[in-house]
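Visitor: I would like a close look at one part of this structure. Please take me through the sheet, and then through what packs around it.

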Amino acid sequence: MPAPPATGQSAFATAVVAATNQQRRAAGCGDLTVDAVLTSVAQAHSADMATANYFSHNSQDGRTPFDRITAAGFSFSVAAENIAAGQRDPAAVMQAWMNSPGHRANILNCALTRIGVGVANGGTYGVYWTQDFGTPRR
């Protein structure tokens, strides 16, 4: 299978969204809608981790996922983030997230309505994944 592209809404990211929604439907949650702002934030975080060779929810400048989402202009009532590194394809990253209680809880949180997925090549792990979730503030 080819490596994911460094930027953009890749086929890998699209597959992760589809797999996430499949898991949510099985658990009785509604599908997440892909959000352009969350996608941009997730992609930027994956690219930053790959380029700067680190693995953390917090950026090296100290920003949290919530800081990044807010700075991008997404006003949320609920938000969450999943990250992973090293998995070579969407099936592997979804399996890792679903086997982790905290990541699984984010995926199956029915209060979340939007998603953005980022994937980038580089760094020690080779592939870096980010799922950013949010529900717009009303």
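Guide: Here is a walk through the sheet, the helices beside it and some side-chain pairs. Keep in mind that this is a predicted model.

Start with the sheet. It is an open sheet of four strands, in the order 1-3-4-2, and its pairing is mixed. Strand 1 and strand 2 stand at the edges. Each has a single partner strand, so one side of each is left without a neighbour in the sheet.

Now go along the order. Strand 1 covers 33-34. Strand 1 pairs with strand 3 in the parallel sense, over two bridges. Take the residues one by one. Thr-33 has Arg-114 of strand 3 as its bridge partner. Val-34 stands opposite Ile-115, also in strand 3.

Next comes the pairing of strand 3 with strand 4. Strand 3 covers 114-122 and strand 4 covers 126-136. These two run antiparallel, and nine bridges join them. One pair to find is Gly-116, which stands opposite Asp-132 in strand 4. The two strands form a hairpin, with three residues between them. Look in the turn for Gly-123, which has a positive phi of about 60°. Within a strand, keep a simple rule in mind. In a regular strand, side chains alternate between the two faces of the sheet.

Turn to helix 2, which packs against strands of this sheet. Helix 2 has 17 residues, 36-52. At 1.5 Å a residue, helix 2 should span 24 Å. The C-alpha atoms at its ends are 24 Å apart, so the expected span and the model agree.

Look at how helix 2 begins and ends. At the N-terminal end, Asp-35 acts as a cap. A side-chain oxygen of Asp-35 lies 2.9 Å from the backbone nitrogen of Val-37. Just after helix 2, Asn-53 takes a positive phi of about 60°.

Which residues of helix 2 are buried? They are Leu-38, Thr-39, Val-41, Ala-42, Gln-43, His-45, Ser-46, Met-49 and Ala-50. These buried residues pack against strand 1, strand 2, strand 3 and strand 4, and also against helix 3.

Helix 4, residues 90-98, also has buried residues. They are Pro-90, Val-93, Met-94, Trp-97 and Met-98. Seen down the helix axis, they fall within an arc of 130°, so they line one face of helix 4. On the other side, Ala-91 and Gln-95 are exposed. A general rule helps here. An α-helix has 3.6 residues a turn, so residues three or four places apart point the same way.

What covers the buried residues of helix 4? The cover includes strand 2 and strand 4 from the sheet, along with helix 1 and helix 5. At the start of helix 4, look for Asp-89. A side-chain oxygen of Asp-89 reaches to within 3.1 Å of the backbone nitrogen of Ala-91.

There is another such contact to find, by helix 1. Ser-10 is found in the segment before helix 1, which covers 11-26. The side chain of Ser-10 reaches the backbone nitrogen of Ala-13 at 3.0 Å. Ser-10 is buried, with a relative accessible area of 5%.

Finish with the charged pairs. Side chains of opposite charge can pair when their charged atoms come close. The count here is four salt bridges. One of them joins the sheet to a helix. Arg-68 and Glu-81 meet there, at 2.9 Å from N to O. Arg-68 lies in helix 3 and Glu-81 in strand 2, so the pair ties together parts that are 13 residues apart in sequence. Are these two residues buried or exposed? Both Arg-68 and Glu-81 are buried.

Two other salt bridges make a useful contrast. Arg-25 and Asp-31 meet at 2.7 Å, N to O. Arg-25 is partly exposed, with a relative accessible area of 47%. Asp-31 is also partly exposed, at 42%. Then there are Asp-61 and Arg-63, which meet at 2.9 Å, N to O. Asp-61 is exposed, at 54% relative accessible area. Arg-63 is partly exposed, at 36%.

Notes: Residues numbered from 1 in each chain as written. Predicted model: local features only at pLDDT ≥ 70, side-chain atom pairs only at ≥ 80, totals over all residues. Heavy atoms only, no water. Salt bridge = Lys/Arg side-chain N within 4 Å of Asp/Glu carboxyl O. Buried < 20%, exposed > 50% of the residue type's maximum accessible area, 1.4 Å probe, protein only. Expected span 1.5 Å × (residues − 1). Contact = heavy atoms within 4.5 Å. Polar contact = N/O pair within 3.5 Å; in protein donor to acceptor, adjacent residues only side chain to side chain. Pairing = 2+ DSSP bridges. Arc of directions from axis to C-beta.
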